[in-house]
Amino acid sequence: MPTQVTSDTVEKVISDGLVEVGAEREAISRSATFEDLDVDSLDLVEIAQIVEDEFGVELDGDAVKDVKTVGDVVDLVVARGS
Amino acid sequence: MSADGCAIVTGAARGIGAATAAALASEGRPVLINYRSDGDGAAAVVERIEASGGRAHAYAADITDPDQVDGLFAAAEAELGPVAVLVNNAGMRADGLAPQIGRDDWSAVIDTNLSAAFHTTRRALRPMLRARFGRIVNIASIVGIRANAGQANYAAAKAGLVGMTKTIAVEVARRGITVNAVAPGLVETRLTEGIGNGLVDAIPARRVGTAEEVAACVRFLASEEAAYVTGTVLTVDGGLSA
């Protein structure tokens, strides 16, 4: 049963996912870039997977290509999930 | 990191696929025997594995269709657990000199031998990335590395498989997932029926290989101890391409 898509739940799931792939929890904020967090494209594939498992929202290759910050991904998931 | 999980072997109703399935099952891995139409062959492989104390399940899927690939993985996950090992073995030939290979014979060989391996790999990687463990072994051929007249379609597909193996290997290496290819030379299976005996004189080992000898290579690459082997091609050809 997919979790309800709200900005808060999405931000929490993504933050937890980022920590799982090695980002520092304290460094995560909406404006943090993936470069800042040392999160690369393979890590983003995994985040996309986590998002899909949790919310049922699919993030394909094109979508993931343009995101630069944590906020970008959160907004994208919220937009696609509503 | 979890190395537990089942293996999927495509085209496992006979030949190298069947031998590989048996080899992996003897290591304690439950094996999903994928086949397209040879239900009897697949059932026989399952029976053989179960008689030796292993676990196996047969499932028909045309792996050139990504939707059927999804079905295949769903069946494996439901029956046998997460997929830790994928062996892309399904293959076919449609030989001819280049000017005589028809469009359908070109496409069919590329789709079955190369594209299908991509569809299954893409699907396998998703849970393997999360599990921080995976073993993907692609059955290529020395024909993908050295010329063999009359097999432009087969050579293209097998060479493509080697390129794909290396690229995907470096993408996922740091997640504990290895991707390798095994390149058999002349091995006695239904796929090589009708290929002339004259070839044996050219083989330094002076004999054709067996499906079990290829399966032994896959078993090693799929093992936990092969964790530092990735992006490589293990040739098993009696010295033919040396």
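This briefing covers the confidence, chain A, the contact between the chains, and two loop residues of chain B.

The structure is a predicted model, and the predictor gives the complex an ipTM of 0.84 together with a pTM of 0.94. Chain A is made up of 4 helices and 0 strands, and one of these, helix 2, packs against helix 4 of chain B at an angle of about 100°.

**Confidence**

- For chain B the mean pLDDT is 95, with 98% of the residues of that chain reaching 70 or more.
- Where pLDDT is low, the predicted coordinates should not be read in detail.

**Chain A**

- Read from the N terminus on, the elements of chain A follow the order α-α-α-α, and the C-alpha trace spans about 30 × 25 × 20 Å along its principal axes.
- The radius of gyration of chain A is 11 Å, which agrees with the value near 12 Å that a compact globule of 82 residues would have.
- Of the 82 residues in chain A, 26% are buried.
- Among the contacts in chain A with a separation of 6 or more, 61% join residues that are 24 or more positions apart.

**Contact between the chains**

- In the contact between the two chains, 4 residues of chain A meet 4 residues of chain B, and the residues on the chain A side divide into 2 nonpolar, 1 polar and 1 charged.
- Helix 2 of chain A (residues 41–55) and helix 4 of chain B (residues 103–131) have their axes 10 Å apart and pack at an angle of about 100°; because angles of 65 to 115 degrees count as roughly perpendicular, helix 2 of chain A is described as roughly perpendicular to helix 4 of chain B.
- This helix pair meets through A:Val45, A:Glu46 and A:Gln49 of helix 2 of chain A, and through B:Arg126, B:Leu129 and B:Arg130 of helix 4 of chain B.
- By class, the residues of this contact of helix 2 of chain A with helix 4 of chain B comprise 2 nonpolar, 1 polar and 3 charged.

**Positive phi in chain B**

- B:Arg132, although it is not a glycine, has a positive phi of about 60°; this residue lies in the loop between helix 4 and strand 5 (134–139) of chain B.
- With 13 other C-beta atoms within 10 Å, B:Arg132 is partly exposed.
- B:Arg206 is likewise not a glycine and has a positive phi of about 55°, and its place is in the loop between strand 6 (177–184) and helix 6 (211–221) of chain B.
- B:Arg206 counts as exposed, since it has 10 C-beta neighbours inside 10 Å and the cut-off for exposed is 12 or fewer.

Note on methods. Residues numbered from 1 in each chain as written. Chains lettered and ligands numbered in written order. Predicted model: local features only at pLDDT ≥ 70, side-chain atom pairs only at ≥ 80, totals over all residues. Axes fitted to C-alpha atoms, helices over the stretch in contact; angles between N-to-C directions. Parallel < 35°, antiparallel > 145°, perpendicular 65-115°, else oblique. Contact = placed C-beta atoms within 7 Å. Nonpolar A, V, L, I, M, F, W, Y, C, P; charged D, E, K, R; others polar. pLDDT = per-residue confidence, 0-100. Rg over C-alpha atoms; globule rule 2.2 N^0.38 Å. Buried ≥ 20, exposed ≤ 12 C-beta atoms within 10 Å, placed from the backbone.
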